[in-house]
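Colleague: Before we go through the residues, could you put the sequence and the structure where we can both see them?

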Amino acid sequence: MTDASRILITGANGLLGQYLVAALSGTQTVVLATAKGERRFPLPDPERFTYAELDITDRASVLALVNDFQPDIIIHGAAMTAPDPCETNRSEEHTSELQSR
């Protein structure tokens, strides 16, 4: 990874996403953190870190964001994390996972 790397993170409001944002704060990378809903964590450096709301099941929105940001690396950390809905509505969880690819 070079100093000029651009990293897109999905699921930034989650545990993994927040950890990744924090871990990248000591680097020179430019980070676009995304998640569904409003940001729930502080941005380490507003010069290099930005946040955008993103529904990963909306293909057009994902493609537009990727085309606009032009990331070198995409870290896909978004997922349904509530166990009960995942178990009772497996088709939605599976569809959400497949649509995000």
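Colleague: Is Phe-41 buried or exposed, and what is its relative accessible area?
Modeller: This is a predicted model, in which local features need pLDDT of at least 70 and side-chain atom pairs count only at pLDDT 80 or more, while totals for chains, interfaces and linings use all residues. Residues are numbered from 1 along each chain as its sequence is written, and side-chain values use heavy atoms, with hydrogens and water left out. Phe-41 sits in the loop between β2 and β3, where strands (E, at least two residues) and helices (H or I, at least four) are DSSP runs numbered from the N terminus. With buried meaning under 20% relative accessible area, exposed over 50% and partly exposed in between (1.4 Å probe, protein chains only), Phe-41 is buried, at a relative accessible area of 6%.

Colleague: Which residues are in contact with Phe-41, leaving aside its neighbours within four places in sequence?
Modeller: One partner is Asn-13, 28 residues from Phe-41 in sequence but 7.0 Å away in space, C-alpha to C-alpha. Taking contact as heavy atoms within 4.5 Å, and setting aside neighbours within four places in sequence, the residues that Phe-41 meets are Ala-12, Asn-13, Gln-18, Val-21, Ala-33 and Tyr-51.

Colleague: Which residues form the largest nonpolar core?
Modeller: A nonpolar core is a set of buried Ala, Val, Leu, Ile, Met, Phe, Trp, Tyr and Cys residues joined through side-chain atoms within 4.5 Å. The largest has twelve residues, namely Ile-7, Ile-9, Ala-12, Leu-20, Val-21, Leu-24, Val-31, Ala-33, Ala-35, Phe-41, Phe-49 and Tyr-51.

Colleague: Which elements each supply at least two residues of this core, and which residues are among the members of the other one?
Modeller: For the largest core, at least two residues come from each of β1, α1, β2 and β3. Apart from this core lies another, of eight residues, among them Ala-52, Leu-65, Phe-69 and Ala-78.

Colleague: In what order do the four strands stand in the sheet, and why is one side of β3 and of β4 left without a neighbour?
Modeller: Two strands pair if DSSP finds at least two bridges between them, and both β1 with β2 and β1 with β4 pair in the parallel sense over four bridges. β3 (49–53) and β4 (73–76) each have a single partner strand and stand at the edges, which is why one side of each has no neighbour in the sheet. The sheet is open, with parallel pairing, and the order of its four strands is β3-β2-β1-β4.

Colleague: Which residue in β2 is the bridge partner of Leu-8?
Modeller: β1 is mostly covered, four of its five residues being buried. Within β1 (residues 6–10), Arg-6 stands opposite Val-30 in β2, and Leu-8 stands opposite Ile-74 in β4. On the β2 side, the bridge partner of Leu-8 is Leu-32.

Colleague: What is the relative accessible area of Leu-32?
Modeller: Not counting residues up to four places away in sequence, Leu-32 touches Ile-7, Leu-8, Ile-9, Thr-50, Tyr-51, Ala-52, Leu-65 and Phe-69. Of these, Ile-7 is 25 residues away in sequence yet 6.3 Å away in space, C-alpha to C-alpha. Leu-32 counts as buried, and its relative accessible area is 7%.

Colleague: Which phi does Gln-70 have, although it is not a glycine?
Modeller: Gln-70 lies in the loop between α2 (59–69) and β4, and at 48% relative accessibility it counts as partly exposed. Its phi is positive, at about 55°.
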